[in-house]
Amino acid sequence: MSNVSADMLKEAFIEPIRFALLVDDEFPTYLEMINPPEGRRFEFARAGEIFEFCRRRGWLCDVDNVAAVAMQFEREKSLNQSDLLILDYHLDPGRPDDPSKSISILQDLANSDHFNLVVIYTSAEPCRVLREVVFCLGGGGSLSAQEQETVIQTVEDMEEPDYAEAASALSLETIENYLLGRRPNGSANELRAILTRLQIHPRMHNSLINSFCYEYFSKDLEGEVLARRSSAEKIEVSLGGEANCKWVSQGNLFAVIVNKSEGASVIEERLHQALIEWAPSPLRVLMVHARASLERAGTISDEKVLDTPRRQAGWLLRILLARNDEETKRYMQELYGRLFERLVSSIESEMVSFGTRLINLNGEEPVAVATRMSCAANLTREQAYHALNEHLCSDNYKKLVMTTGVVFRTIKESVYYYWLCVSPACDLVPGQNSSGWDGDLHPFRPISAVRLAPVKNIIALTDKLQNAEKGRNIFIYVDDEPVALEVANEESRKMRIEVLLLANEGAVIDSRFSGFSISQLKGVPSVQSVDFEVVGVLRADYANKLLADSGHQRSRIGVDFVNLPTH
């Protein structure tokens, strides 16, 4: 059951559609309508029906009959959030039963960087089309190298009639179980009986059945399509169950299958029904609606965002004064962040109105609503509140330099030790503080770090959550478990601040960096080489609060002011 109403799904996914691209080898292009080529027959009536369907809904519409056009459109121009692709399933006139060209397009769309809505418009049987598409998008997985080697040897030992008999016993239920990543179970009893009669060991049965399923789909497909097929981390599909229409979701693709015999008038209805059955999470719906709102914002909002020429000059000067490529990249990221923050603010009321209609209590308990809407039914109350506090204070860290608020750890004798960087961000920028002690240590960089005490025990963690508002802990999720990191001792309320030396100016590569810690060895301070791993970062307001509390404010208001040159 969807946690989002049918009307709001329509508002988020369907109402923003502005353009429809029709790709069918039997449809004429606009030029071919004016000047029909000799000897070529087109389905004018059906093309006109879809065109009229799009026109009534106010959608701009283009038609083409060459698969390469759609592939080029996606790869070079890309379909947008407000576009719909209506795609014929068989696009090769010379091979009317081969769907490879359309499947290649679907694979592109699933792997693209933005969400794509597709209607697969076909004369073929929808269930069969759905199974083929799911397979090519990664459903069913693949055999390991060892399993594949054993299967090949087993098949080579089989007589051809025996192999044909076994393959023909493959049931549709078994095929669908394979696509859904399930074991064949009772659906393959007849096939298992044949394999047993052929004296094939039961341990080989499931691998052979998976191989038969792979062969069932792959025998009629082009090698390029099979080569691009990879095991999907997540694929949602209307196979089995009581789904009223046929659809599949994988990566950034959502496709619904409509039979041409039903006519163009059912396209919107089928698309809407498929979205209801898919039941996307409320947060995904929020994102889709927000992107559509941004696309509609237009030049009026752009003018508000850009402010005055005087302010623009300051923004541009920031980029132009960058001292190296890394700074240019960082300043550009910062600029885009501020521009989009302003853009969102200019249309905030529309998005907030949609969000408040979508997410509300309706008289229920907050944790119950949150877990239901997120499809996290097994989440405990404590886990939900931990996730809330994670959201408030921390985030994943993907940047390549050390900065204020980064949480990192090292392991010594199977025990993890955690720290939090509390040096000002301005002091950690490569090239800063090149004189004095910092300059003498270059390329090593000294930082101030707070030693953190991890809490994982369920009872102790629950206590930390119950006292979260005291602000003594950071909440993160690491190694697939919730963790609280105590920043200041509950009794003394003092931080344990240490000095660490980071190698390579604190560069972080693949979440890892190296350096030195200072500890006592035989009564004498000793510097020890350490490898560190980043596990998270505090959000800016939390990081800056800790920076101030640790006594490293250093009388600076900000970290990125630029001096006016004296000449």
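User: Which way does H6 pass H9, in a left-handed or a right-handed crossing?

Analyst: This is a predicted model. In it, H6 passes H9 in a left-handed crossing. That term applies because the near helix is turned anticlockwise from the far one by less than a right angle. The axes of H6 (residues 126–136) and H9 (residues 172–179) cross at roughly 35° and come within 10 Å.

User: What makes the contact of H6 with H9, and how is it classed?

Analyst: H6 contributes Arg131, Val134 and Phe135. H9 contributes Leu172, Ile175, Glu176, Tyr178 and Leu179. By class, that gives six nonpolar, two charged and no polar residues. Arg and Glu count as charged, so Arg131 and Glu176 fall in that class.

User: Why is Cys136 called buried?

Analyst: Its relative accessible area is 3%. Buried means under 20%, so Cys136 qualifies.

User: Is Cys375 buried or exposed?

Analyst: Cys375 has a relative accessible area of 61%. The cut-off for exposed is over 50%, so Cys375 is exposed.

User: How many disulfides are there, and by what rule?

Analyst: The count is zero disulfides. A disulfide needs a pair of cysteine sulfur atoms within 2.5 Å, so no pair meets that rule here.

User: Why is E9 called largely enclosed by the rest of the structure?

Analyst: Five of the seven residues of E9 are buried, so the strand is described that way. Each of those five has under 20% relative accessible area, because that is what buried means.

User: How do you know that E9 and E10 pair?

Analyst: Six bridges join E9 (residues 406–412) and E10 (residues 415–421). Pairing takes at least two bridges, so these strands qualify. Their sense is antiparallel. Phe408 stands opposite Trp419 in E10. Ile411 stands opposite Tyr416, also in E10.

User: What is found between the strands in the hairpin of E9 and E10?

Analyst: Two residues lie between the strands. In this hairpin, Glu413 takes a positive phi near 50°.

User: What makes E9 and E16 a pair?

Analyst: Four bridges link E9 to E16 (residues 524–538), in the antiparallel sense. At least two are needed, so the pairing holds. Val406 stands opposite Val537 in E16.

User: Which strand does E10 join through four bridges, and why does that count as pairing?

Analyst: The strand is E11 (residues 445–455), and E10 and E11 run antiparallel. Four bridges satisfy the minimum of two, so E10 and E11 pair. In E11, Val450 is the bridge partner of Leu420.

Key
Residues are numbered from 1 along each chain as its sequence is written. This is a predicted model: local features need pLDDT of at least 70, side-chain atom pairs count only at pLDDT 80 or more; totals for chains, interfaces and linings use all residues. Side-chain values use heavy atoms; hydrogens and water are left out. Buried means under 20% relative accessible area, exposed over 50%, partly exposed in between (1.4 Å probe, protein chains only). Axes are lines fitted to C-alpha atoms, for helices over the stretch in contact, and angles run from 0 to 180 degrees between N-to-C directions. Contact means heavy atoms within 4.5 Å.
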